[in-house]
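Let's take a walk through this fold, one stretch at a time. Have the model open beside you and turn it as we go.

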Amino acid sequence: MARRRSAVRIGMTGLGEREALAPGIFINTNYRGCTPGFIYTDEGIIMVDAPLIPKQAMDWREQIEAEYPDSPFLYMINTDHHRGHALGNQYFMPVKVIAHERAHKEMSGYTENFKERVRNSFKREPEIQAQLNNIVIIPPHLTFTNRAALLYGGRRVDLMYVGGHTPATSIVWLPEEKICFVGDIVWVDQHPYMAQGNTLEWLRALELIRNLGAKMLIPGHGPVCEPDATYRVGEYIEFMRKRVRDYYLEGKNKNETKSGLVGEMLEWFPVPPERKAKIESQIKSGLNRVFREIQREEEEKAGIVSHGFDDGDEEDDS
Ligand SMILES: [Zn+2]
């Protein structure tokens, strides 16, 4: 059988090599938009998240095929429906995509307008923008609501819905290897993207992850970390909840709360100058979200019937 070896090509792209975490388990932290991973089993490959930028997605595919030329792609797990995790699905076909059922709902609703927004977000990088001319959305073929397990070739891969970051966020737990892909629940030295968040769920998810007994965590963005990394992002979320509640109880409205607190939140993590405007608007989306959550909590405390909690109107991003 002709084996496809693409090591030379990997060197040429300059995108950086995969990193082995355990026998047959790899990640790559050199791509923009997410840290994808894959798990080898005797029956085929299970992937976690797909790079957003087409050339990077193709590079990743080639790296996986170079490592295991004869293994079919079994599944692509998307830890949420955001562009950085799920938009690259098309480059791994004919794999079966699996994600929480809410991810299916969100991705089935991605319009031409959404694709245009993705392209526009790269308007200062025309070379990347041009790569995104043919975005094909591949929503999950298989969905789950609470838990699912993939049992292939002697491996056990648990999919666990946790919510928090989005209503679709799931983590991928390897109980034998004690490795957990935590999606966008854990952020290290970065501001978490909270525009579609639910902070009480998020805090519960951090606790769940902390109690797994994991040896290492792979955040959706950035390098491997230890379970202790869950504390700092938890403190950030608790602080934001507290400060938003202070403002709410002082009678401040949503806009006053956002502009009043963005500076305090910015100080939590380093922000490169060229990303300041973007991060500021991201923090404001999070504050907006948390304001509504606190408002609902306070209204419930006061016995006011809640007007419901919509959770689909924020820009999809991270
Ligand atoms: Zn996300």
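Start with helix α8, residues 229-249, which packs against α9 at an angle of about 145°, the two axes lying 10 Å apart. The crossing that α8 makes as it passes α9 is right-handed. If you want to see who is doing the touching, pick out Met240, Arg243, Val244, Tyr247 and Tyr248 on the α8 side, then Glu256, Thr257, Gly260, Leu261, Glu264 and Met265 on the α9 side. Sorted by class, this contact of α8 with α9 comes to six nonpolar, two polar and three charged residues.

Now stay on α9 and look at its other partner. Helix α9 (residues 254-266) also packs with helix α10 (residues 276-301), here at an angle of about 125° and with the axes 9 Å apart. Angles over 115 and up to 145 degrees fall outside the perpendicular and antiparallel ranges, so α9 and α10 count as oblique to each other. This crossing, of α9 and α10, is right-handed. From α9 the contact draws on Lys254, Thr257, Lys258, Leu261, Val262, Met265 and Leu266, while α10 brings Glu280, Ile283, Lys284, Leu287, Asn288 and Phe291. The tally for α9 with α10 is seven nonpolar, two polar and four charged residues. Flip between the two contacts and you'll find Thr257, Leu261 and Met265 of α9 in the one with α8 and again in the one with α10.

Time to zoom out. Keep in mind that this is a predicted model. The protein chain has 10 helices and 12 strands. Its radius of gyration is 20 Å, close to the 20 Å that the globule rule gives for 318 residues, so the chain is as compact as a globular protein of that length. Along the principal axes, the C-alpha trace of the chain spans about 70 × 45 × 35 Å. Of the 318 residues, 40% are buried. And if you take the contacts between residues at least 6 apart in sequence, 64% of them join residues at least 24 apart.

For a look at some of those buried residues, go to helix α4, residues 101-108. Which of its residues are buried? They are Arg102, Ala103, His104, Glu106 and Met107, so a charged arginine and a charged glutamate are among them. What do the buried residues of α4 pack against? Their neighbours are α3 (83-86), β6 (96-100) and β7 (142-144).

The backbone has a few spots worth a stop, too. Most residues other than glycine have a negative phi, and most peptide bonds are trans. In the loop between α3 and β6 sits proline 94, and the peptide bond leading to it from methionine 93 is cis, with omega near 10°.

Next come two residues with positive phi. Lysine 178 is not a glycine, yet its phi is about 60°; look for it in the loop between β10 (170-174) and β11 (179-183). Is lysine 178 buried or partly exposed? With 14 other C-beta atoms within 10 Å, lysine 178 is partly exposed. Further along, aspartate 189 also has a positive phi, near 55°, and its place is in the loop between β11 and α7 (199-210). Aspartate 189 has 12 other C-beta atoms within 10 Å, and a residue with 12 or fewer counts as exposed, so aspartate 189 is exposed.

Notes: Residues numbered from 1 in each chain as written. Predicted model: local features only at pLDDT ≥ 70, side-chain atom pairs only at ≥ 80, totals over all residues. Axes fitted to C-alpha atoms, helices over the stretch in contact; angles between N-to-C directions. Helix = DSSP H or I, 4+ residues; strand = E, 2+ residues; numbered from the N terminus. Parallel < 35°, antiparallel > 145°, perpendicular 65-115°, else oblique. Left-handed = near helix turned anticlockwise from the far one by under 90°. Contact = placed C-beta atoms within 7 Å. Rg over C-alpha atoms; globule rule 2.2 N^0.38 Å. Buried ≥ 20, exposed ≤ 12 C-beta atoms within 10 Å, placed from the backbone.
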